[in-house]
Amino acid sequence: MTNTQAAHFRVLEEISQDLSGEPNFPTCLDAATLVRDTLKDPEASLAKVARAVSIEPLIASKILRLANSVHHNPTGKPYTELGMAISRLGFESVRTISLAVTLDQMLKTPKLAIFSALSRKAWEHSLQVAAIARVLARRIGHINADEAMLAGLVRDIGVFYLLYRAASHAEYRDNEPLLMELLKGWHISIGENLLQALGLPERIIQAIRAPQDLINTEDPCNLHDLLYFADLLADNEMPWDADSIIEQDAEIRAADRARYADLLEEAGDDIRELYVALSA
């Protein structure tokens with residue numbers, strides 16, 4: 001086993017132990033885990049979900065902020081009661097916001113300071129993809145907009161989790177090529193396993209898988225397709241994705257991006273509003 005392989009093996013073994021049996025998540029994911037467990041119950045009442053959400057004030061405040069946004073509350077009459085806000089948004093939005101808050105908390109831990117520039121860039125990209133995915137789903141009409149937002153937010157969850165674990169290993173802290181190799185090779189599979197442990201629907205998990213069949217997709221037919229276009233329309237290309245795009249594919253991607261370029265201008269305010277609601 002090479003030194004590189006050994007380094008990757010140690011991180012992946014830690015993550016495997018985290019996600020086996022009853023997952024041992026970092027403390028900052030406790031709130032999302034509680035929401036997960038509550039939403040697992042198909043008969044969970046609105047009051048029960050509200051109680052679970054209220055344990056983390058930051059999640060509760062962001063739910064109220066989003067419920068009072070122009071899109072969700074065009075009348076301008078404020079929602080001040082958490083249960084009413086949750087009822088307005090729906091459980092998928094609750095799940096999305098709880099994950100947004102807890103992932104943001106993970107990125108702010110001192111442990112991740114060494115990768116702060118990279119993790120923040122990835123998080124900004126995820127927020128953009130989530131917002132764009134939701135607006136694009138509303139334009140298309142046959143894809144659930146709240147599911148699209150959630151899928152966009154967690155598309156790179158494996159990246160954040162790998163960074164969190166890699167920060168404990170000295171060999172990654174001063175070796176960016178080694179870190180990029182870890183992220184490129186494993187972030188999708190780790191992301192799938194993490195989302196399964198968090199209890200997300202299988203259709204969300206399937207949507208984040210590598211878009212190998214999406215080149216030449218005329219229009220989004222499902223959530224998987226939609227994420228491809230939302231990712232194209234977001235500002236930043238992530239470094240662990242760049243090397244996998246060959247020149248021919250880059251030309252096709254540019255044409256696909258142009259097809260929906262007007263979306264960013266047409267729905268700019270909506271995208272910015274959602275971005276602010278989900279971000280810190």
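Two exercises on a predicted model follow, each with a worked solution.

Residues are numbered from 1 along each chain as its sequence is written. Local features need pLDDT of at least 70, side-chain atom pairs count only at pLDDT 80 or more, and totals for chains, interfaces and linings use all residues, while side-chain values use heavy atoms, with hydrogens and water left out.

**Exercise 1.** Describe the surroundings of Ala122.

Solution. Begin with the location: Ala122 is in helix α7, residues 116-140 (helices are DSSP runs of H or I, at least four residues, numbered from the N terminus). Next, take the accessibility. Ala122 has a relative accessible area of 0%, so Ala122 is buried (under 20% relative accessible area, 1.4 Å probe, protein chains only). Then list the contacts (heavy atoms within 4.5 Å). Beyond its neighbours within four places in sequence, Ala122 touches Phe160, Met238 and Trp240. Finally, the C-alpha atoms of Ala122 and Pro239 are 9.5 Å apart, with these positions 117 residues apart along the chain.

**Exercise 2.** Classify the ring pair of Trp123 and Phe160 and place both residues in the structure.

Solution. The whole structure holds three aromatic pairs (rings of Phe, Tyr and Trp, the last by its six-membered ring, with centres within 6.5 Å). For Trp123 and Phe160, the centres are 5.7 Å apart and the planes stand at 80°, so the pair is edge-to-face (planes over 60 degrees apart). Trp123 belongs to helix α7 and Phe160 to helix α9, residues 157-166, so the pair ties together parts 37 residues apart in sequence. Last, check burial: Trp123 is buried at 0% relative accessibility, and Phe160 is buried with a relative accessible area of 0%.

Conventions
Helix = DSSP H or I, 4+ residues; strand = E, 2+ residues; numbered from the N terminus. Buried < 20%, exposed > 50% of the residue type's maximum accessible area, 1.4 Å probe, protein only. Phe/Tyr/Trp six-rings, centres within 6.5 Å; stacked < 30°, edge-to-face > 60°.
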